[in-house]
Amino acid sequence: MENNTCIKQFADYEQIKDCKIKLKAAKKSFGNLSAVLALAGNEVRLKIIYLLGRRKRIMPLRSC
């Protein structure tokens, strides 16, 4: 198998600047998503969050 490497000799400063602007604009969204993913923590928690999201409420309200 041939070992191919590609190294860019010059930085594309416009692309870097554009990426920084986009990341800054999405900072709040990244923070929110990160918090949700931290809550999920593991597969079981993620499944619970998924099921909660699919239902409006956990238990139906019963009139006594």
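**Exercise 1. Fold outline**

Read along the sequence, the pattern is α-α-α. Work out how many helices and strands the protein has, and say how confident the predictor is in its elements.

*Solution.* Step 1: count the elements. There are three helices and zero strands. Step 2: check the confidence. This is a predicted model, with a mean pLDDT of 81. A pLDDT of 70 or more is reached by 80% of the residues. Step 3: rank the elements. Helix α1 (residues 13-25) has the highest mean pLDDT, 94. Helix α3 has the lowest, 84.

**Exercise 2. Helix α2 and its end**

Test whether the span of helix α2 (residues 27-40) agrees with its residue count. Then find what phi Gly 41 takes.

*Solution.* Step 1: helix α2 holds 14 residues. Step 2: the expected span is 1.5 Å times one less than the number of residues, so α2 should span 20 Å. Step 3: the end C-alpha atoms of α2 are 20 Å apart, which agrees. Step 4: move just past α2. There Gly 41 takes a positive phi of about 60°.

**Exercise 3. Two salt bridges**

The structure holds two salt bridges. Locate the partners of Asp 18 and Lys 47, and classify the exposure of Asp 18, Lys 22, Lys 47 and Glu 43.

*Solution.* Step 1: recall the principle. Side chains of opposite charge can pair when their charged atoms come close. Step 2: take Asp 18. Its partner is Lys 22, with the closest N and O atoms 3.2 Å apart. Both sit in helix α1, four residues apart, so about one helical turn separates them. Step 3: classify this pair. Asp 18 has 35% relative accessibility, so it is partly exposed. Lys 22 has 53%, so it is exposed. Step 4: take Lys 47. It bridges to Glu 43 at 3.1 Å, N to O. These two lie in helix α3, four residues apart, about one turn of the helix. Step 5: classify again. Lys 47, at 48%, is partly exposed. Glu 43, at 55%, is exposed.

**Exercise 4. Surface and burial**

State what fraction of the residues is buried. Then identify the residues of the nonpolar patch and place Ile 48.

*Solution.* Step 1: of 64 residues, 2% count as buried. Step 2: the protein exposes about 7,100 Å², and carbon and sulfur atoms supply 61% of that area. Step 3: Val 44, Ile 48 and Leu 52 make a nonpolar surface patch of about 270 Å². Step 4: Ile 48 is found in helix α3 (residues 43-54). Step 5: check its accessibility. Patch residues need over 30% relative accessible area. Ile 48 has 46% and is partly exposed.

Conventions: Residues are numbered from 1 along each chain as its sequence is written. Side-chain values use heavy atoms; hydrogens and water are left out. Patches are made of residues with over 30% relative accessible area and no salt bridge: like charges are joined within 9 Å, nonpolar side chains (Val, Leu, Ile, Met, Phe, Trp, Tyr) within 5 Å. Accessible areas come from the Shrake-Rupley method with a 1.4 Å probe; for residues, only the protein chains shown count as cover. A salt bridge is a side-chain nitrogen of Lys or Arg within 4 Å of a carboxyl oxygen of Asp or Glu. Buried means under 20% relative accessible area, exposed over 50%, partly exposed in between (1.4 Å probe, protein chains only). pLDDT is the predictor's confidence in each residue, from 0 to 100.
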